[in-house]
Amino acid sequence: MGDNFGIHRGPVKKQVESTEDRTQGQILSDFLMQLEDYTPTIPDAVTSYYLNSAGFEGADPRIVRLISIAAQKFVSDVANDALQHCKTRTNSAPSSGHGSSKNQNQKSSKDRKYTLTMEDLQPALNDYGITVRKAHYFV
C-alpha cells in the first residue's frame with residue numbers, strides 16, 4: 001500500500017505488457033515516422049537556414065523537423081509566460097471605471113485582447129536566461 005501512495009491500480013493489462021516488449025529503437029522509429037506527417041509552425045526551410053548559418057550540416061530532414069518543433073515549443077512557452085505577466089500586470093493595475101461592478105470587470109477581462117509588449121516580454125525571457133535591454137537611444 002505504501003509503494004503506490006494509496007492509489008489502487010487494477011490488474012496489469014496485456015496492452016501494457018506489449019508496450020514494454022517494444023525496444024527503445026522501435027519507439028524512436030515510430031516517433032520519427034510521426035515527425036514526417038507533422039507540419040511545424042516554423043518552416044523547415046527557415047530552420048535549415050539558421051542551422052546552416054550556425055555551422056550545422058544536417059542531411060536528415062527529420063532532425064531539422066525535430067529542431068523546428070523544439071523552437072516552436074520554446075517560442076510558445078515564452079509567449080505564454082509573457083501573456084501571464086501581462087494578465088498579472090493589468091489585473092494589479094487600478095481600474096479607471098466610475099463605480100463599475102465586479103460583473104463588468106469579469107466580463108471585460110474575459111473579452112479583453114492583450115498586446116505583447118517589451119514590458120511583458122522582458123521578464124518572460126529573463127526567466128529563460130535571456131537578457132533584453134532597450135537600446136541606448138530609447139532610454
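## Report on helix α4 and its partners

Thr117 counts as partly exposed because its relative accessibility is 29%, and partly exposed means between the buried limit (under 20% relative accessible area) and the exposed limit (over 50%), with a 1.4 Å probe and protein chains only. This is a predicted model: local features need pLDDT of at least 70, side-chain atom pairs count only at pLDDT 80 or more, and totals for chains, interfaces and linings use all residues. Residues are numbered from 1 along each chain as its sequence is written, and side-chain values use heavy atoms, with hydrogens and water left out.

**Overall layout**

The protein has six helices and zero strands. Helices here are DSSP runs of H or I with at least four residues, strands are E runs of at least two, and both are numbered from the N terminus. From the N terminus on, the order is α-α-α-α-α-α. Of the protein's 139 residues, 12% count as buried. Take the contacts (heavy atoms within 4.5 Å) with a separation of 6 or more: 77% of them join residues 24 or more positions apart.

Four residues illustrate the range of accessibility.

| Residue | Place | Relative accessible area | Class |
|---|---|---|---|
| Arg65 | helix α4 | 16% | buried |
| Asp81 | helix α4 | 23% | partly exposed |
| Thr117 | loop between α5 (102-111) and α6 (118-127) | 29% | partly exposed |
| Arg22 | loop between α1 (14-21) and α2 | 33% | partly exposed |

**Helix α4**

Helix α4 covers residues 61-92, 32 residues in total. From its first C-alpha to its last it reaches 47 Å, close to the 46 Å expected at 1.5 Å a residue. That expected span is 1.5 Å times one less than the number of residues. Which residues of α4 are buried? They are Val64, Arg65, Ser68, Val78, Ala82, Cys86 and Thr90. Residues three or four places apart in an α-helix point the same way, because there are 3.6 residues a turn. The buried residues of α4 pack against α2 (24-37), α3 (44-53) and α6.

Two packed helices are described by the angle between their axes and the distance between the axes. Axes here are lines fitted to C-alpha atoms, for helices over the stretch in contact, and angles run from 0 to 180 degrees between N-to-C directions. Angles under 35 degrees count as roughly parallel, over 145 as roughly antiparallel, 65 to 115 as roughly perpendicular and the rest as oblique.

**α2 with α4**

The axes of α2 and α4 come within 10 Å and cross at roughly 75°. So α2 is roughly perpendicular to α4. On the α2 side, Phe31, Leu32, Leu35 and Glu36 make the contact; on the α4 side, Arg62, Arg65, Leu66 and Ile69 do. By class, the residues of this contact are five nonpolar, no polar and three charged. Nonpolar covers Ala, Val, Leu, Ile, Met, Phe, Trp, Tyr, Cys and Pro; charged covers Asp, Glu, Lys and Arg; the others, Gly among them, are polar.

**α3 with α4**

The axes of α3 and α4 cross at roughly 95° and come within 9 Å. These helices are therefore roughly perpendicular to each other. Asp44, Thr47, Ser48 and Leu51 of α3 meet Val64, Arg65, Ile67 and Ser68 of α4. The classes here are three nonpolar, three polar and two charged residues.

Arg65 appears in the contact with α2 and again in the contact with α3. Which residues does Arg65 touch, not counting those up to four places away in sequence? Leu35, Glu36, Tyr38, Pro40 and Asp44.

**α4 with α6**

The axes of α4 and α6 come within 8 Å and cross at roughly 130°. The two helices are therefore oblique to each other. Their crossing is right-handed, meaning that the near helix is turned clockwise from the far one by less than a right angle; anticlockwise would be left-handed. From α4 come Val78, Asp81, Ala82, His85, Cys86 and Arg89. From α6 come Glu119, Asp120, Leu121, Pro123, Ala124, Leu125 and Asp127. The residues of this contact divide into seven nonpolar, one polar and five charged.

Asp81 sits in this contact. Leaving aside neighbours within four places in sequence, Asp81 is in contact with Ala124 and Tyr128. Asp81 and Ala124 are 43 residues apart in sequence, yet 5.4 Å apart C-alpha to C-alpha.

**Two loop residues**

The C-alpha atoms of Thr117 and Leu83 are separated by 9.6 Å, with their positions 34 residues apart along the chain. Arg22 touches Ile27 and Asp30, not counting residues up to four places away in sequence.
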